[in-house]
Amino acid sequence: MLCAISGEAPEVPVVSKKTGTVYEKRLIEKYIEEHGTEPGTDAVELDVEDLLPLKAGRVVRPRPPTLTSIPALLATFQNEWDALALETYTLQEQLSQTRMELATALYQHDAAIRVIARLTKERDDARESLSRVTVAAGNGAGAAGGDDSMAVDGEELPEALAEQVDETHKKLSKSRKKRATPADWASNDDVAAFTQIASDDLPVNRATSLTIEADDRQYAAIAGLDGNVGIYAVAAHTLERTLAVGEPLTTALWTAGTRIVLGTAKGAVKIYEAGAEVASLSSHAGAVTGLAVHPSGRILASVGADKTIAFYDLDEATRVSRAHSSASLTTCAFHPDGHLLAAGTSAGDVQVYMTKTGELATSFALGAPVQALVFSENGYWIAATAKGQTTVTIFDLRKEGDAATAKVLDTGSAVAALAWDYSGQFLATAGPAGLTVQHYAKGPKTWSQTLSSATPAVAVQWGAQAKQLLSVNADGVVSVTGVKE
């Protein structure tokens, strides 16, 4: 007999009349005094009168004969050790089985990840192929200038243009190391003393871009979404003439002589010379968002919202190759030596491509849709800003990852356009709140803000000898800021 409360043999056993359960008398009486019910049955009331005493013999049970000698104790310990060893073996066996199950689960998880990655890649490839088909369909809709032959993607430039790229790169990169700042170039004090010299309202509504003549920088072209281009004489502060293109213009570029290249919202690249249209190339299924001319003056690049980069031979007015990006493109610029082309994406990356092959060489993360980018004349810096940001990030082409971020300049207001001067020491920014000029001192290798002007602008360019800044706002008002004579 064992007590239902203590689990031990009772000294004074009693039994319940109602359930027949055996208890130690002192324990059950104390429980009844506190609860008034039988243990384990809250609904059954129990009184002391319901307990019946049990009579049991008080014979002391002797110890088992197996525990009466040392050999018996050793045998007991041996049995316990054997049981412990068996239990340990069982645990090790269970652990091994659990490890095998875990390895199988990890393998299945890894296989699932690989399948997901493969399906994601196939999806991206399908999207890119669809984009290329769309672009090819857009090209077949009526590209001018005999461009139908380039409907098939071409990754590399023709041999003649590739040689031109190599020669230009070799020549410019070699001379760049020995090039000094021109003697008549503007100093930091000159730029700090800039004031507004002129402000002229041109008949260009919703201006989008400003480009300046590369030779003597005496003329500028302003393009707008109304389809008009204004040719502005910088020295005379007058409007020379206007060009009526008839399509919304998203970007403009002045190449050699009197030749102006225009990008339209309908995906066309139009070339004007001496005021007349000489070629119209349709290479993009969406709007043209950026134009850049190679340092040799013969190769033109355009980027668009359709994720496409197109290269043209300006002498022949034909497209010669094409590359594709993983995201819509917003702007582009050639490296000063011409062997690289940088393009900004709506995904927030600055992608750098090889000019000859169209292959992606490297990319830098900006974190937001790229608004503008420009190379420094030193050959290894590129400045970029994102839409709505007040900072300009300078990347070092010689480095990768986080180490590629050489400097982050905070202008205090949103930046819409950038322009680096020929000497590589002045970086101009333009935005709705005005213009700034950031100066880089080559000796101590420090940056400082030299100029801050409250002239709002959507585009900015440096004038001759960096002694003037030309800017235009969205209303087509051209402002000339510089040193007064």
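**Exercise 1. Find the loop that holds Ala317, then work out what its phi looks like and whether the residue is buried or exposed.**

Step 1: Ala317 sits in the loop that links strand 17 (308–313) and strand 18 (318–324). Keep in mind as you go that this is a predicted model.

Step 2: Look at the backbone. Phi of Ala317 is near 55 degrees, which is a positive value in a residue other than glycine.

Step 3: Check the cover. Buried means under 20% relative accessible area. Ala317 has 17% relative accessibility, so it counts as buried.

**Exercise 2. Do the same for Lys445: which loop is it in, what is its phi, and is it buried or exposed?**

Step 1: Go to the loop between strand 29 (434–441) and strand 30 (446–453); that's where Lys445 is found.

Step 2: Lys445 isn't a glycine, yet its phi is positive, at about 60 degrees.

Step 3: The cut-off for exposed is over 50% relative accessible area. Lys445 counts as exposed because its relative accessibility is 62%.

**Exercise 3. Describe the surroundings of Thr355: its loop, its accessibility, its polar partner and its contacts.**

Step 1: Start with the loop. Thr355 lies between strand 21 (349–354) and strand 22 (360–365).

Step 2: With 0% relative accessibility, Thr355 counts as buried.

Step 3: Now pick out the polar atoms. A polar atom of the Thr355 side chain lies 3.3 Å from the backbone nitrogen of Leu340.

Step 4: List what else Thr355 touches, leaving out residues up to four places away in sequence. Leu340 turns up here too, along with Gly338, His339 and Leu341. The other contacts are Leu157, Val165, His294, Phe311 and Phe334.

**Exercise 4. Which residues make up the nonpolar surface patch that includes Ile70, and how does Ile70 fit in?**

Step 1: The patch is formed by Ile70, Leu73, Leu74 and Phe77, and together they have about 410 Å² of accessible area.

Step 2: Place Ile70 in the fold: it belongs to helix 2 (residues 70–139).

Step 3: Ile70 comes out at 61% relative accessibility, so it counts as exposed.

**Exercise 5. How many disulfides are there, and are Cys3 and Cys332 buried or exposed?**

Step 1: Apply the cut-off, a pair of cysteine sulfur atoms within 2.5 Å. By this rule you get zero disulfides.

Step 2: Turn to Cys3. Its relative accessibility is 3%, so Cys3 counts as buried.

Step 3: Finish with Cys332, which is buried because its relative accessible area is 7%.

Note on methods. Residues numbered from 1 in each chain as written. Predicted model: local features only at pLDDT ≥ 70, side-chain atom pairs only at ≥ 80, totals over all residues. Heavy atoms only, no water. Patch = residues over 30% accessible without salt bridge, like charges linked within 9 Å, V, L, I, M, F, W, Y side chains within 5 Å. Areas by Shrake-Rupley, 256 points an atom, 1.4 Å probe, with all protein chains shown as cover. Salt bridge = Lys/Arg side-chain N within 4 Å of Asp/Glu carboxyl O. Helix = DSSP H or I, 4+ residues; strand = E, 2+ residues; numbered from the N terminus. Buried < 20%, exposed > 50% of the residue type's maximum accessible area, 1.4 Å probe, protein only. Polar contact = N/O pair within 3.5 Å; in protein donor to acceptor, adjacent residues only side chain to side chain. Contact = heavy atoms within 4.5 Å.
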